[in-house]
Amino acid sequence: MTVEQLVRDQLERATREVVGGPDLATSIRAGRRRRATRVGVAAAAVAVLGLGAVGARALGGDDAPAVAHDARVADGPAPAAPAPGAPVDFVPGTDVDDTMAAVVAEHLPTIPAPDDVYPSDGKTAGPLPDSEFARAQDWQAAYTTDTGGFLVMMGLPEELGGWRCRDCDAHQVSSGTLYHETYSTDDGRTWWFGTYFVGDDGHFVNAFESVQAPDQQSAARQRQLSDSDVEGLVEDQRLSFSRP
Amino acid sequence: MGRTPAWEGAYREFFVARQRPLMRTAYAILGSWPAAEDAVQTAFTQLYVHWPRIQPGAVDTYARRTVVHTCFRMARKQGRETATDRLPERHVAGPEGRVETLDLMQALAGLAPKARAVVALRFLDDLPVAEVALVLDLPEGTVKSQTARALDRLQAVLATPEAIEGARRDR
């Protein structure tokens with residue numbers, strides 16, 4: 001018997017009796033929630049920034065719509081899904097997505113590869129169609145972390161138009177203003193830790209870490225990312241783009 | 001209450017058909033059924049999130065990639081919490097000459113997670129080198145060399161004459 005045969009034989013026997021297994025209902029429930037949350041995070045970000053998204057913070061709950069932005073692909077050819085763990089060209093024809101993902105990975109090496117990187121604008125909760133990236137007002141990178149989610153959003157000056165966060169802790173940094181804000185969904189089960197940078201030229205980079213927790217203190221303890229790490233990210237001058 | 005997406009039926013069918021083989025793959029990489037369950041559960045959730053964007057012919061590869069990379073992430077996390085990269089002890093014949101049950105899983109624990117994945121995908125899932133390369137994002141040459149190295153290390157632990165004889169008797 002060769003070692004190859006031995007390994008095949010023993011692997012077969014060692015795994016023949018499968019113990020436990022995933023639960024379909026749990027997968028669907030969590031998947032639905034996460035699809036809704038991705039839209040909810042984007043919408044919450046827009047709402048926080050005063051851009052008029054309606055009901056955004058309510059989208060993350062169990063009763064959230066099961067069909068999110070990707071519903072459009074049911075009607076036509078689906079774009080390729082991002083491959084886990086691999087460099088992925090999320091939006092063909094531009095390298096804004098690649099640059100954004102690379103800069104985030106450099107600053108925050110502990111978080112996994114993004115679930116999605118996509119163009120958006122001030123009126124859209126979630127992605128614009130990939131083919132319309134040239135009219136993006138902002139780009140967003142969405143991540144799933146061990147404790148919740150993380151969204152980075154970088155935008156053009158025109159989207160905010162001189163916005164300042166009145167209810168945030170703010171301080172001046174060398175090339176703009178840095179804001180911090182913590183808030184929860186209406187049911188108090190999801191907490192958002194927002195770090196916003198608005199450059200002197202008006203461009204902005206916002207990062208939102210979400211944590212599922214019953215109260216703010218628990219949520220703060222469960223955070224995976226430190227304020228200083230996220231501040232370094234949002235202040236990074238490479239997180240900007242211009243219209244093609 | 002939200003609408004059920006049209007594609008959800010296909011997802012359910014895929015789950016039922018593929019959860020068991022994916023559990024086996026995850027177990028071969030992680031060496032623990034509860035950890036495998038966590039990894040596969042996480043992967044199926046991620047699969048649900050991305051399902052509408054997955055090309056119809058690529059679902060199986062995508063699912064396998066998701067499971068394997070979730071396992072890598074979990075193994076990295078485990079590695080930060082406990083040192084797991086020590087070599088397993090070599091098994092020896094028992095007092096009456098009977099070879100004790102060889103523990104392949106313990107032998108696999110001496111390999112790096114990526115090498116364990118190569119072994120699992122090649123010899124449990126029976127994938128060709130090109131498919132393993134696709135799942136792991138490695139060149140085919142690297143898959144071949146990692147396979148050879150992994151087998152060498154496993155052979156050092158498992159393939160003693162006593163072990164081979166024991167495996168034959170277990171059949």
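Me: How many bridges hold the pairing of β5(A) and β6(A), and in which sense do the two strands pair?

Reply: In this predicted model, β5(A) and β6(A) pair in the antiparallel sense, and nine bridges are found between them. To read such a pairing, it helps to look for one pair of partners and to work outwards from there; in this case A:Y183 has A:W192 of β6(A) as its bridge partner. As you follow the strands, keep in mind a general idea: in a regular strand the side chains alternate between the two faces of the sheet.

Me: What lies on the other side of β5(A), and how is that neighbour joined to it?

Reply: There you find β4(A), which pairs with β5(A) in the antiparallel sense over five bridges. A hairpin with two residues leads from β4(A) to β5(A), and A:D169 has A:H180 in β5(A) as its bridge partner.

Me: In what order do the strands of the sheet in chain A stand?

Reply: Reading across the sheet rather than along the chain, you meet β1-β2-β3-β7-β6-β5-β4, which makes seven strands in an open sheet with antiparallel pairing. The edges are taken by β1 (116-120) and β4 (169-173) of chain A, and because each of them has a single partner strand, one side of each is left without a neighbour in the sheet. Ignoring direction, neighbouring strands of this sheet are turned against each other by 15° on average.

Me: Which strand is paired with β1(A), and over how many bridges?

Reply: The partner is strand β2 (residues 138-144) of chain A, and the two pair in the antiparallel sense over five bridges. If you would like a place to start, find A:S120, which stands opposite A:D138 in β2(A).

Me: Which helices of chain A pack on or lie across these strands?

Reply: Helix α3 (residues 96-107) of chain A packs on the sheet, where it touches β1, β2 and β3 (148-155) of chain A, and its direction makes about 50° with that of β2(A). Helix α6 (residues 227-234) of chain A lies across β5 (176-184), β6 (190-199) and β7 (204-212) of chain A, and it runs at about 40° to β6(A).

Me: How many helices and strands does chain B have?

Reply: Chain B has eight helices and zero strands, so that a reading from the N terminus gives α-α-α-α-α-α-α-α. Of the 171 residues in chain B, 43% are buried. Among the contacts in chain B with a separation of 6 or more, 63% are between residues 24 or more positions apart.

Me: How should I read the crossing of α1 and α2 in chain B, and at what angle do their axes cross?

Reply: Begin with the two axes: those of helix α1 (residues 8-30) and helix α2 (residues 33-50) of chain B come within 8 Å and cross at roughly 140°. That angle makes α1(B) oblique to α2(B), and the crossing is right-handed. Next, look at the residues that make the contact, including B:Y11, B:F15 and B:L22 of α1(B) together with B:W33, B:V40 and B:F44 of α2(B). The residues of this contact divide into 14 nonpolar, one polar and one charged.

Me: Where in chain B can I practise on another right-handed crossing?

Reply: Try α5(B) and α6(B), whose crossing is right-handed. Their axes come within 10 Å and cross at roughly 140°, and the two helices are therefore oblique to each other. The contact involves B:K114, B:A117, B:V118, B:L121 and B:R122 of α5(B) with B:V132, B:V135 and B:L136 of α6(B). These residues divide into six nonpolar, no polar and two charged.

Me: Where does B:D126 lie, and what is its phi?

Reply: The general idea is that most residues other than glycine have a negative phi. B:D126, however, has a positive phi near 60°, and its place is in the loop between α5 (113-124) and α6 (129-136) of chain B. Since 9 other C-beta atoms lie within 10 Å, B:D126 is exposed.

Me: How many C-beta neighbours does B:D137 have inside 10 Å, and how is it classed?

Reply: B:D137 has 15 C-beta neighbours inside 10 Å and therefore counts as partly exposed. This residue lies in the loop between α6 and α7 (140-158) of chain B, and it has a positive phi of about 55° although it is not a glycine.

How values were computed:
Residues numbered from 1 in each chain as written. Chains lettered and ligands numbered in written order. Predicted model: local features only at pLDDT ≥ 70, side-chain atom pairs only at ≥ 80, totals over all residues. Axes fitted to C-alpha atoms, helices over the stretch in contact; angles between N-to-C directions. Helix = DSSP H or I, 4+ residues; strand = E, 2+ residues; numbered from the N terminus. Parallel < 35°, antiparallel > 145°, perpendicular 65-115°, else oblique. Left-handed = near helix turned anticlockwise from the far one by under 90°. Contact = placed C-beta atoms within 7 Å. Nonpolar A, V, L, I, M, F, W, Y, C, P; charged D, E, K, R; others polar. Buried ≥ 20, exposed ≤ 12 C-beta atoms within 10 Å, placed from the backbone. Pairing = 2+ DSSP bridges.
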